[in-house]
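Trainee: I have the model open and would love to talk through a few of its local details with you. Shall we take them one by one?

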Amino acid sequence: MGFFALLVGLIWAKSILAYLVDFNLGIENTFQYFILFLNPFATTILLLSIALYVRKPLHSYLTMLVIYIGLSVLIYANASYYREFTDFITINTMLGAGAVSSGLGESALRLLRPHDILYFLDVVLIPVLLILKKIKIDPKPLRARVALAFSVLGALLFSANLSLAEADRPQLLGRTFSRDYMVKYLGLNFFTAYDGYQTYQTNQVRAEASPNDLLDVENYVDDHYAAPDENLFGLAEGKNVIYIHLESFQQFLIDYQLTDENGVAHTVTPFINSLYHDNQTFAFDNFFHQVKAGKTSDAETLMENSLFGLAQGSLFTQLGGKNTFEAAPNILKQEAGYTSAVFHGNAGTFWNRNETYKNLGFDYFFDASYYDVTSENSFQYGLHDKPFFDQSVQYLEHLQQPFYSKFIAVSNHYPYSTFENDDAGFPIADTGDETINGYFATANYLDTAVEEFFNYLKASGLYENSVIVLYGDHYGISDSRNASLAELLGQSAETWDNYDNANLQRVPYMIHIPGQTGGGISHTYGGQVDALPTLLHLLGVETDDYIQLGQDMLSPEHDQIVAFRDRNGFMTEKYVYYHNTLYYTADGSLVPEEEANSEQVQKIHDAVDQQLAVSDKINNGDLFRFYTDSGLEPIEASDFNYQNQLEQMETIESDLGSESTSLYSQNGGQSTMDLYQTKSYQEYLAPTTPEQ
């Protein structure tokens, strides 16, 4: 038992060394440190206890030693891999020898650190001490009940660890949105085992899939194709695409005014409101998010692919690094010569973006490692929006045009922490719920950040040749808090019901096309799955050869059925179905039972179920690997390198010379960074001229 305790202690020490020195797990408070220091014990005790069941003492010692060496190798391999890729080794990485060798073979010497000796010094010393009998082998076999007791102890410790983790990060296993979070809360051993389990399940489904499975999918897509409006098709052909991801932004914020304690009304999002009402904007007031556990990553799945996320967990984390896709960046690259990039001031591993974006076809991904992120300009989900847009300019100006880009803003993210610096000042709501109270202030901050970015686009010359799409990714205030929000929306908490909850699933969707004046606010019902065919048709790209489950929202053939991913709701012009209750859309009154069971309503239920089932069939079976009718060349993820990307773009500019279409080249080799201007909240309240 002394030898057992020694090995447990050493694995714990190595794990903590890796956690604190080699990994960047984003520990935010004392409670998380406590969980971090606890998590190596449970799985280590559980794994080493296997050796205690071996009856012969020498064999028991050797089994313990083999398990111990394996755990040591796992820790060090991840520490070394993380230095190069800022990520952990998955089972698929282990199975792909090329990926492992690139991180641990050719670059091994460069990845070495002086403290690495601490990972393996004992691995050498302990066998030597056993051979020299400095560690004495107890000749008496251990009782089986003692071995069982230690297995039970390991299981109990893990249960306690999991309970504490769920208390600090609910739905940790259900959503699995970050490998960093999994390791931080439950440890490296558990992450590896859990990843192995998910990999096995995924591979089983994929192995059983065949090209024949595509027949039903193709029939569904053919039957639901909505032809574009001839007057709008190609309206924005050849223009840059700039997506602005409005984090946790719900539709009710548009035109909303928050009244302070003195009775003064403050407009929450004045600039976004102006875009919403601009006749250069196609805006939709009945557009709904369709995410589930994958939240933001589900929204990206929907917007980029016209496919839903998974029924459980996140497609990005479970399948994003494995599946074949026909996503927007790849379609536009091969159809119209677009360059593509994502900008995000958070860790690249969050939602497994650093792997998924390669399979989606994004040429560049600028994550937190490309930004100057400090404790003053960021929070737990990344860089605040104003410095994020500001610092993104240095990369945006080097993109070859036309480009397809996405900017993921994060400041309007739960817990909606208000600002204590020059950006403070917008009133805080008074509802008794701190989450709701800060939501309006962070939304206002996002609004000013978007306005500053638009000002830069105009000053730099990008604005006139771009389509700017703004969308909300998911709800900001959850159903459980909506009753507390009711009074601010002019309703009573006592009368609030699921009809109201369903209507709050609306999020903004605006397509701003400078120079055209045929926009306006459309009342068409649609969801995020419809965004891709809508955009592609405006860009002059026909979608009838692509497998996309949504429909062009500007098409007169759009069927206006919006499916919610949890299969527990839908929205149409006539009906709202949410949590087993059917309402009339117009007034929220209950639909009589006879009508609720009618053939008309059943057809809507069937349409929702079919759309979600087809999406699951495509994703779980990785069916795009069999699809060739689109004519797209397959993506090779190994062709993408998200390291040293500014140097890559500068090399392309140099090679192209006068043919370079980047903003930087068009500006005579002069940076446009100085054109980005940012102001404090107080400066926004104090115009510099009477006209302003």
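Trainee: Is alanine 328 buried or exposed?

Mentor: Keep in mind that this is a predicted model. Alanine 328 lies in helix H16, residues 328–336. Buried means under 20% relative accessible area. Alanine 328 has 0% relative accessibility, so the class is buried.

Trainee: Which residues does alanine 328 touch, not counting residues up to four places away in sequence?

Mentor: One distance helps to place alanine 328: serine 306 is 22 residues apart from it in sequence and 9.1 Å apart in space, C-alpha to C-alpha. Leaving out residues up to four places away in sequence, the residues that alanine 328 touches are Glu304, Tyr404 and Leu532.

Trainee: What is the order of the strands in the open sheet of four strands?

Mentor: The pairing in this sheet is antiparallel. Strand E13 (562–563) and strand E16 (581–584) each have a single partner strand, so they stand at the edges. Reading across the open sheet, the order is E13-E14-E15-E16.

Trainee: In E15, which residue is the bridge partner of methionine 571?

Mentor: Strand E14 covers residues 569–571 and strand E15 covers residues 575–578. The two run antiparallel and are joined by three bridges. Methionine 571 has as its bridge partner in E15 valine 576.

Trainee: At about what angle does helix H24 run to E15?

Mentor: Helix H24 spans residues 599–621 and lies across E13, E14, E15 and E16. Relative to E15, helix H24 runs at about 55 degrees.

Trainee: Glutamine 611 caught my eye; what is its relative accessibility?

Mentor: Glutamine 611 lies in helix H24. Leaving aside neighbours within four places in sequence, glutamine 611 is in contact with Tyr220, Phe308, Val529, Leu549 and Ala563. Glutamine 611 counts as buried, because its relative accessibility is 9%.

Trainee: How many nonpolar, polar and charged residues does the contact of H2 with H10 have?

Mentor: Helix H2 (residues 30–52) and helix H10 (residues 179–186) pack with their axes 6 Å apart, at an angle of about 75 degrees. That angle makes H2 roughly perpendicular to H10. H2 brings Gln32, Ile35, Leu36 and Asn39 to the contact, while H10 brings Val183, Lys184, Tyr185 and Leu186. Sorted by class, the residues are five nonpolar, two polar and one charged.

Trainee: Now for the rings: what kind of aromatic pair do tryptophan 12 and phenylalanine 41 form?

Mentor: The count comes to 56 aromatic pairs, and this one has 5.9 Å centre to centre with 15 degrees between the planes. It links distant parts of the chain, with tryptophan 12 in helix H1 (residues 2–22) and phenylalanine 41 in helix H2, 29 residues apart. Tryptophan 12 counts as partly exposed at 25% relative accessibility, and so does phenylalanine 41 at 29%. Planes under 30 degrees apart count as stacked, and the pair is stacked.

Trainee: And what kind of pair do the rings of tyrosine 181 and tyrosine 185 make?

Mentor: Being four residues apart in helix H10, the two tyrosines are separated by about one helical turn. Tyrosine 181 is buried at 6% relative accessibility, and tyrosine 185 is buried with a relative accessible area of 1%. The ring centres are 6.2 Å apart and the planes are at 65 degrees, so the pair is edge-to-face.

Technical notes
Residues are numbered from 1 along each chain as its sequence is written. This is a predicted model: local features need pLDDT of at least 70, side-chain atom pairs count only at pLDDT 80 or more; totals for chains, interfaces and linings use all residues. Side-chain values use heavy atoms; hydrogens and water are left out. Two strands pair if DSSP finds at least two bridges between them. Contact means heavy atoms within 4.5 Å. Axes are lines fitted to C-alpha atoms, for helices over the stretch in contact, and angles run from 0 to 180 degrees between N-to-C directions. Angles under 35 degrees count as roughly parallel, over 145 as roughly antiparallel, 65 to 115 as roughly perpendicular and the rest as oblique. Ala, Val, Leu, Ile, Met, Phe, Trp, Tyr, Cys and Pro count as nonpolar, Asp, Glu, Lys and Arg as charged, and the others, Gly among them, as polar. Buried means under 20% relative accessible area, exposed over 50%, partly exposed in between (1.4 Å probe, protein chains only). Rings of Phe, Tyr and Trp (its six-membered ring) pair if their centres lie within 6.5 Å; planes under 30 degrees apart count as stacked, over 60 as edge-to-face and the rest as tilted.
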